[in-house]
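Open the model in a viewer and keep the selection panel at hand. The stops below take one residue or pair at a time.

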Amino acid sequence: MSLRLMSRSVLYFVLAVLAASLLGSVIQSQFNLAQIAALGAEVPPALWWSTTLEDMVGFGPLYAAMMAVALLPALLVAALVCRWLPPGEALRLTVFAAAGAVGIFAAFQLANMAAPMPTLIAATRGLGGTLAMMLSGALGGWVFARLHSLDQRLPQHTPA
Amino acid sequence: MTRFFQIVRSHFWSGFTLSGCALLFSAAAHAADYRVETVAEGLSHPWSLAFLPDGRMLVTERTGTLRLIEADGQLRETPVSGVPEAFVSGQAGLKDVVLAPDFEDSREVFISYACGTRRANATCLARGQWQDDALAQVEVVFRASPDKTGDAHYGARLAFLPDDTLVLTLGDGFDYREAAQDPGSHIGKTVRLHRDGSVPEDNPFVGHEGVLPEVYTLGHRNPQAIVYDSEGERLLAHEHGPRGGDEINLLEPGKNYGWPLVTHGKDYTGARITPFESLPGFEPPLLDWTPSIAPAGMTLYRGKLFPQWEGQLLVAALAGMRVHRVVLERDGARDVEQLFGELNERFRDVRTGPDGAVYLLTDSPQGRVLRVMPAIER
């Protein structure tokens with residue numbers, strides 16, 4: 001792997017983690033706030049969104065670290081799997097997205113085994129929340145693969 | 001692999017309360033006017049302590065056994081027999097031990113514990129007869145409903161009221177926090193019972209459709225101490241908050257203490273549990289600890305050895321590794337001093353002994369019972 005490709009991969013990985021953790025933070029906030037609203041509390045829209053933004057700062061960093069740990073092996077596996085598959089952008093994006101979703105699911109399970117509480121991230125206590133949070137991992141995988149695809153389509157600069 | 005996860009789990013809470021510890025270390029050093037002596041040692045995560053009238057003590061070990069300490073401090077090697085089998089895992093295990101107010105006549109002992117299995121467990125309350133240094137005729141008088149999975153947040157502290165009923169605290173099981181607001185569930189409540197587990201007719205929700213008749217107060221997370229102040233005629237409890245939001249509450253029948261709708265704490269992940277720190281209809285705490293101290297047992301000191309502490313609360317802290325002295329005021333409470341930090345121990349319980357000394361339980365696999373006496377004999 002060339003230095004250029006490696007540095008670009010690192011950049012795309014960071015962008016993928018950023019996108020995935022932001023989406024995950026937003027999703028978990030919606031689940032938590034929906035639970036509070038279901039208990040009968042009126043949550044005005046402004047408070048709803050300010051809480052969502054606050055979670056990006058409060059919850060986002062921990063989730064980004066978790067996402068990075070989850071995506072690193074997941075994307076490597078996805079890249080290996082793609083070598084054995086027929087070429088095709090849609091299939092490649094699907095494999096990377098699926099790898100991201102499975103990777104973050106595995107991270108949830110490992111975190112719950114390590115942490116003293118039954119479920120570390122409250123939004124993943126139920127099936128719906130877990131699936132929704134897996135979307136964030138899928139986004140991470142998709143962003144990484146898509147950025148690489150776009151990169152390869154750009155005209156390559158060669159010295160005269 | 002399992003050992004790896006056990007190590008990670010054991011260090012998890014202390015990591016999240018590190019900021020709280022830093023705050024405490026900055027507190028002014030206490031000018032020691034007490035001395036601390038070890039009464040017994042080698043106890044496995046001692047959880048609660050009861051004083052028998054003959055000078056001996058009963059100590060529960062979270063790992064499922066009840067131990068007897070002789071009046072001279074010798075720990076009897078063989079555990080007390082007859083104790084109900086507890087579900088032991090994580091925070092689950094044997095919990096509180098309380099003697100009936102008329103113990104000398106009735107010989108009744110009450111034990112709270114986690115019962116069931118990992119997949120289906122609850123907080124249970126059993127009653128037994130103290131006979132020949134053993135528990136006999138043990139019967140389960142209450143089991144919280146519904147069952148839950150996991151091994152966290154049982155509450156399980158017990159206090160008698162002057163009318164001979166008892167109040168038992170029940171935790172939210174961690175994953176079931178919304179159930180603390182469900183009046184049809186015991187999770188996240190306190191319940192008031194007769195000694196045989198039956199429901200007192202004057203419980204606040206008797207006859208209310210959809211509300212379990214045992215419910216006394218609602219909206220609790222993990223109430224880890226409850227004491228009745230006979231002079232002030234009030235029931236005080238504290239509860240373990242999440243990341244911040246540890247509370248001391250004045251419990252009144254039928255009132256709602258807000259969890260998880262209102263709290264000063266955040267989730268351990270840093271996420272907001274709720275956007276509300278207060279709402280109409282929910283009781284505010286007398287005292288809030290943010291950041292957390294991880295409060296455990298509590299005593300309302302009434303004794304002759306420490307007159308300067310008379311009528312004040314002493315609150316054991318696990319992660320905080322102190323005992324907090326709290327002064328009760330007209331409309332609140334004030335944390336005025338942190339004690340025993342020089343011992344460098346996690347404190348699981350604090351009790352006032354019949355001799356006026358303060359007794360401490362340290363939380364460790366080699367836990368101790370400590371007695372705090374004035375530095376100079378009074």
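## Salt bridges and a buried serine

Begin in chain B with R346(B), which is partly exposed at 30% relative accessibility. This is a predicted model, and every value in the tour is computed from it.

Now add D363(B) to the selection. Its side chain and that of R346(B) form a salt bridge, with N and O 3.1 Å apart. The two residues come from distant parts of the chain, 17 residues apart. To see this, colour the two loops: R346(B) sits in the one between β20 (333-339) and β21 (347-352) of chain B, and D363(B) in the one between β22 (358-362) and β23 (367-374). Is D363(B) buried or exposed? D363(B) is buried, because its relative accessible area of 8% falls under the 20% cut-off. R346(B), at 30%, counts as partly exposed.

Next, select E252(B) and K255(B). Which atoms should be joined with the distance tool? Take the closest N and O atoms of this salt bridge, which are 2.7 Å apart. E252(B) is partly exposed at 30% relative accessibility, and K255(B) is partly exposed as well, at 29%.

Move on to R143(B) and D147(B). Their side chains meet in a salt bridge with an N to O distance of 3.1 Å. R143(B) has a relative accessibility of 37% and counts as partly exposed; D147(B), at 36%, is also partly exposed.

For a group rather than a pair, select D102(B), E108(B), R127(B), E139(B), D164(B) and R195(B) together. Salt bridges link these residues in a network. Side chains of opposite charge can pair when their charged atoms come close. To put these stops in context, the structure holds 39 salt bridges over all chains.

Leave chain B and go to chain A. Display helix α1 (residues 3-38) of chain A and pick out S25(A), which is found in it. How accessible is S25(A)? Its relative accessible area is 0%, so S25(A) is buried.

Then show what surrounds this serine. Apart from neighbours within four places in sequence, S25(A) is in contact with D55(A), M56(A), F59(A), G60(A) and Y63(A). For one of these residues, M56(A), turn on the backbone atoms: its backbone nitrogen lies 3.4 Å from a polar atom of the S25(A) side chain.

To finish, show two of the stops side by side: S25(A), buried at 0% relative accessible area, and D363(B), buried at 8%.

Conventions:
Residues numbered from 1 in each chain as written. Chains lettered and ligands numbered in written order. Predicted model: local features only at pLDDT ≥ 70, side-chain atom pairs only at ≥ 80, totals over all residues. Heavy atoms only, no water. Salt bridge = Lys/Arg side-chain N within 4 Å of Asp/Glu carboxyl O. Buried < 20%, exposed > 50% of the residue type's maximum accessible area, 1.4 Å probe, protein only. Helix = DSSP H or I, 4+ residues; strand = E, 2+ residues; numbered from the N terminus. Polar contact = N/O pair within 3.5 Å; in protein donor to acceptor, adjacent residues only side chain to side chain. Contact = heavy atoms within 4.5 Å.
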